[in-house]
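Welcome! Let us walk through this structure together, one part at a time.

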Amino acid sequence: MLILNLVFIVLVGVMLAYLARHYIFTAVALYYRRGQTHYNPRSTVYQPKVSVIIPARNEENVIGRILQRMTELTYPKEKLEVIVVDDGSTDRTGEITEEFAKKYDYINVIHRSPENGGKGKADVLNEGSKHATGEILYVFDADYYPQRDVLENLTAPFVDPEVGAVQGRVTVLNEPKTLVTRLVALERIGGYRVDQLARDDLKLIPQLGGTGGGVRRSLIEFFGGWDPNMLAEDTDLTFRIYLAGYKVRYVNEAECYEEAVENWRWYWRQRCRWALGHMQCAFKHLWPIIKSKNLRLREKIDGMLLLNVYFVPILTGLAWFLGAILYFMQPSGWITLYWALIPIFVYSSVGNFAPFFEVGVGAYLDGRRRIYRLIPLLFVTFLYNTLICTKALADLCLSKILGRKQHAWIKTPHLGR
Amino acid sequence: MTPSFSKKTHTFGRAYKERPQFLHLTIGFIIVVSLYFLLYSTLDETALVSIMVFNLLFVFLTFPLRGPVWCKILWLGMGNIIGLMWNFVRAFLIALTVEAGGDLNVVTFVTGPAVDFLWMVPVWALGMSALAEAQRQKRKQEGK
């Protein structure tokens, strides 16, 4: 019984730490004005040659849209290089890309055969980076739709030599489509408008999102490329950058629109991949972060909380279960009090899927009016994510036991609607 | 032929920051403290804790934001009414269970504070929606 109580207290402590983190982030996103230097692209004359890498595997529904957008970017075309890596597509992706490449000399295509393709995003990015000549490598997924001035906004912070990578804001393009896309939009608002911005303001660890962001080519070369064994190559790169003594900046006004998954089945598959990848990163980077001399204490704490964020839904579920057992076995004052607070803990412990007040405040700061009404439904995604994270952890443990290094990359389909 | 695509998108722009409305926060805090003393002797511990959790959340997250104070007070009051109603329903269910000779622990657990989020979060979210709408109306009237 004593052990159960101790475990319960530890779990409550973990949730309280995440609760405090979310409240601090929300307050910072709302009121904190003394953040980091903001590099305005109109006052920063720094425009190096940049390469945009677009991984594409069977993306005929969306590839034309992003390539059209690339031609509309306001960044000087003589300093722009677009590299589409056609990763063994069996649809019209290669054909559409070739049409653009013929018309615009800064758009290049690399075709991989179907036998060589499908090994994951990191592998595709490594292929693209081999052909890149720009100082900064940007990664845009094929379903993305950036603002015209996105590259100016993203490039400006690179004027600081300590900045290794920059991440822009990701918002949902197909928000009105289904309930799932609306809920993903809510998560995105909380995750970027509040979480990422607060991390940047507080000089913590803003996270690279895998798309809509850029990294110095010299750093990628130094690292030997993206790690093809990692499913969350973006999170992995974030921590490798910090461990190497550089930092990541977040630029809220560099906006990119993504096509969110439209049904629960694809939500499950995408989040399973994210959760598994994040957990891989936690096992890989947790100890190096603790002993690193390149990170300050606040970065270490934030890094640890960030790395473990996908374990939190599992821990919350466990706390509920344990709380119930203790409640029936030994009803006491503090257990009752905990039950009173548990809804707040649950909502506050959803990690980077953002708790309700973060989402609400983010929507308010964006000037939204109606989206708040869906906030109560975040509880559904929380429960769903608890199952997702539990499955991801089980998969990871199984692969560790079996000594399997490579995980299957399940690509999210993009409909271009 | 090069395919043609176009999408209408909305830009959110540079990260906007609020200036906290300390006067509103003070008003809200006074209301909550008054409510505490008003409800302290009439409610049981569980009901009081859940209503106070809602009140503190609402006051600290909503009152410092821009927007009419009447709207914030209205939704704070609305939350308290709904919270009280739910707690009466809960008390009724517990009494019914005792009357029927059921397990008190089970009914307390099922209807316990863990399900309070069913009214807390929606009321807070609707309050935020109303506040945002009031802000929009104000801007519209000012012609901004």
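A useful word to begin with is pLDDT, the predictor's confidence in each residue, given on a scale from 0 to 100. You need this word because what you see is a predicted model. In chain A, the average pLDDT is 87, and 91% of the residues score at least 70. Within that chain, strand β4 (residues 136-139) of chain A has the highest mean among the elements, 96, while helix α12 (residues 333-348) of chain A has the lowest, 60. Chain B averages 83, with 88% of its residues at 70 or above. Confidence in chain B peaks in helix α1(B), with a mean of 94, and is lowest in helix α4 (residues 104-110) of chain B, with a mean of 76. Take particular care with residues 1-9 of chain B, where pLDDT stays under 50. For the model as a whole, the scores are ipTM 0.84 and pTM 0.88.

Now find the sheet in chain A. In what order do its strands lie? Going across, you meet β3-β2-β1-β4-β7-β6-β8-β5, which makes 8 strands in an open sheet with mixed pairing. The strands β3 (107-112) and β5 (145-146) of chain A stand at the edges; each has a single partner strand, so one side of each is left without a neighbour in the sheet. What holds strands together in general? Strands of a sheet pair through backbone hydrogen bonds, either parallel or antiparallel. For an example of the parallel sense, look at strand β2 (residues 80-87) of chain A, which pairs with β3(A) over 6 bridges. There you can spot A:Val85 standing opposite A:Ile110 of β3(A).

Helices pack against this sheet too. Helix α8 (residues 233-243) of chain A touches β6, β7 (213-216) and β8 of chain A, and its direction makes about 155 degrees with that of β8(A). Helix α6 (residues 179-201) of chain A lies across β6 (163-172) and β8 (247-258) of chain A, running at about 150 degrees to β6(A).

Chain A also has a pair of helices worth a look. The axes of helix α1 (residues 2-31) of chain A and helix α11 (residues 312-329) of chain A come within 10 Å and cross at roughly 140 degrees. That angle makes α1(A) oblique to α11(A). The crossing of α1(A) with α11(A) is left-handed. Among the residues that make the contact are A:Leu4, A:Phe8 and A:Leu11 of α1(A), together with A:Leu315, A:Ala319 and A:Leu322 of α11(A). Sorted by class, the contact of α1(A) with α11(A) has 15 nonpolar residues, 3 polar ones and no charged ones.

Let us move on to chain B. Helix α1 (residues 22-40) of chain B and helix α2 (residues 45-62) of chain B have axes that come within 10 Å and cross at roughly 175 degrees. Angles over 145 degrees count as roughly antiparallel, and α1(B) and α2(B) are therefore roughly antiparallel to each other. Residues that meet here include B:Phe29 and B:Val32 in α1(B) and B:Ile51 and B:Met52 in α2(B). The contact of α1(B) with α2(B) divides into 12 nonpolar residues, 2 polar and no charged.

A further pair in chain B is helix α3 (residues 69-100) of chain B and helix α5 (residues 117-142) of chain B, whose axes come within 10 Å and cross at roughly 160 degrees. These two helices, α3(B) and α5(B), are therefore roughly antiparallel to each other. Here α3(B) passes α5(B) in a right-handed crossing. The contact includes B:Trp75, B:Gly79 and B:Trp86 of α3(B), and B:Trp119, B:Gly127 and B:Ala130 of α5(B). Its residues divide into 10 nonpolar, 3 polar and 1 charged.

Note on methods. Residues are numbered from 1 along each chain as its sequence is written. Chains are lettered from A and ligands numbered from 1 in the order in which they are written. This is a predicted model: local features need pLDDT of at least 70, side-chain atom pairs count only at pLDDT 80 or more; totals for chains, interfaces and linings use all residues. Two strands pair if DSSP finds at least two bridges between them. Helices (H or I, at least four residues) and strands (E, at least two) are DSSP runs, numbered from the N terminus. Two residues are in contact if their C-beta atoms, placed from the backbone, lie within 7 Å. Axes are lines fitted to C-alpha atoms, for helices over the stretch in contact, and angles run from 0 to 180 degrees between N-to-C directions. Angles under 35 degrees count as roughly parallel, over 145 as roughly antiparallel, 65 to 115 as roughly perpendicular and the rest as oblique. Ala, Val, Leu, Ile, Met, Phe, Trp, Tyr, Cys and Pro count as nonpolar, Asp, Glu, Lys and Arg as charged, and the others, Gly among them, as polar. A crossing is left-handed if the near helix is turned anticlockwise from the far one by less than a right angle, and right-handed if clockwise.
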